[in-house]
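Visitor: I'd like a close look at one part of this protein, the aromatic cluster, and then a walk outward from there. Could you take me through it in one go?

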Amino acid sequence: ALMVQSVVFLDCKVTVPVYIFGATVVTLKHWHWTGFVLASLVWHVAFAGMMACVVFAMQYHIAAKLESEDVSSLLLASRRVLRGVCDGDLVLDRCSHCIVKVSTTLERLLNIKRKLSGSNFLDLFLDADGRQQFLQFLQSEALPQQRKAAIPPCWRIVLQGAHGPVSTDVFCT
């Protein structure tokens, strides 16, 4: 019954006083019947410690789950907003930086007739300096402490289009 109480009442402000009251009643009855309460006290202290561990573990798990869902929902919401505002989206392979999916929006933006799917995105940069800055931007976004609960930052890049340079903003989600 006391274990059910610790599961039902997750707040220690409720669980501890109710448990202390119940333990006091049981200990007094045990003392009244036998006159010896040491075993009862040891049992109640041990069970109170176990119950406190269960309550704190459950609270920690619930808090971690809520935080995880908050981060996930923030990331999904920011992706939806970005997809609604941006001209398109692009999926790159993490290692090779090749374009993974169909990239018609990028082909339209650069006014290129050939298909860019499967090609290396870094080859589209105008200069090596811009390519290197973009790689640093991707590396900084890969760090876990920066991705915690933030809206993805923007980075301006210049790509080679069919009729000259094309400046565009990119987001790493």
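Guide: Let's start right inside the cluster. Phe125 is buried, and so is Phe134. Keep in mind that this is a predicted model, so every value here is computed from predicted coordinates. The cluster itself has Phe121, Phe125 and Phe134 as its members.

Now the geometry, ring by ring. A pair of aromatic rings is described by the distance of the centres and the angle of the planes. The count for this model comes to 4 aromatic pairs. In one of them, the ring centres of Phe121 and Phe134 sit 5.4 Å apart with the planes at 55°, so this pair is tilted. Phe121 belongs to the loop between α4 and α5 (128–142), while Phe134 is in helix α5 itself, so the pair ties together parts that are 13 residues apart in sequence. As for cover, Phe121 has 3% relative accessibility and counts as buried. Phe134, at 4%, counts as buried too. Phe134 also pairs with Phe125, and that pair is tilted as well: 5.2 Å from centre to centre, with 40° between the planes. So Phe134 takes part in a pair with Phe121 and in a pair with Phe125.

Let's step back along the chain to α4. Glu107 and Lys115 join their side chains in a salt bridge, with 4.0 Å from N to O. Side chains of opposite charge can pair when their charged atoms come close. The cut-off for a salt bridge is within 4 Å, and the Glu107–Lys115 pair is listed at 4.0 Å. The two ends have quite unlike surroundings: Glu107 is buried because its relative accessibility is 6%, under the 20% limit, whereas Lys115 is exposed because its relative accessible area is 61%, over the 50% limit.

Just before α4 comes the loop that links α3 and α4, and Ser103 is found there. Ser103 is buried, with a relative accessible area of 1%. Leaving aside residues up to four places away in sequence, Ser103 touches Leu90, Leu116 and Ser117.

The loop between α3 (38–85) and α4 (104–110) also holds Val91. Val91 is partly exposed, at a relative accessible area of 36%. With residues up to four places away in sequence not counted, Val91 touches Cys98, Ile99, Val100 and Lys101. Val91 also has a partner far along the chain to look at: Cys172 is 81 residues away in sequence, yet the two C-alpha atoms are 9.8 Å apart in space.

That takes us over to the strands. β1 and β2 run antiparallel and are joined by 8 bridges. They make a hairpin with 2 residues between the strands, and one of the bridges pairs Gly161 with Gly164 in β2. In a regular strand the side chains alternate between the two faces of the sheet.

The hairpin has a salt bridge of its own, between the side chains of Arg156 and Asp169, at 2.7 Å from N to O. Arg156 lies in β1 (residues 154–161) and Asp169 in β2 (residues 164–171), so this pair ties together parts that are 13 residues apart in sequence. Arg156 is exposed, with a relative accessible area of 52%, and Asp169 counts as partly exposed at 36%. With that one, you've seen the full count of 2 salt bridges.

Over on the helical side, there's a nonpolar patch on the surface. Phe36, Leu38 and Val42 make it up, with an area of about 320 Å². Phe36 is placed in the loop between α2 (12–34) and α3.

To finish, zoom out to the whole chain. The secondary structure comes to 5 helices and 2 strands, in the order α-α-α-α-α-β-β from the N terminus on. Of the 173 residues in the chain, 23% are buried. The exposed area is about 11900 Å², and carbon and sulfur atoms supply 65% of it. Among contacts between residues at least 6 apart in sequence, 43% join residues at least 24 apart. And back where we began, the cluster of Phe121, Phe125 and Phe134 includes the buried Phe125 and Phe134.

Technical notes: Residues are numbered from 1 along each chain as its sequence is written. This is a predicted model: local features need pLDDT of at least 70, side-chain atom pairs count only at pLDDT 80 or more; totals for chains, interfaces and linings use all residues. Side-chain values use heavy atoms; hydrogens and water are left out. Helices (H or I, at least four residues) and strands (E, at least two) are DSSP runs, numbered from the N terminus. Buried means under 20% relative accessible area, exposed over 50%, partly exposed in between (1.4 Å probe, protein chains only). Contact means heavy atoms within 4.5 Å. Patches are made of residues with over 30% relative accessible area and no salt bridge: like charges are joined within 9 Å, nonpolar side chains (Val, Leu, Ile, Met, Phe, Trp, Tyr) within 5 Å. Accessible areas come from the Shrake-Rupley method with a 1.4 Å probe; for residues, only the protein chains shown count as cover. Rings of Phe, Tyr and Trp (its six-membered ring) pair if their centres lie within 6.5 Å; planes under 30 degrees apart count as stacked, over 60 as edge-to-face and the rest as tilted. Two strands pair if DSSP finds at least two bridges between them.
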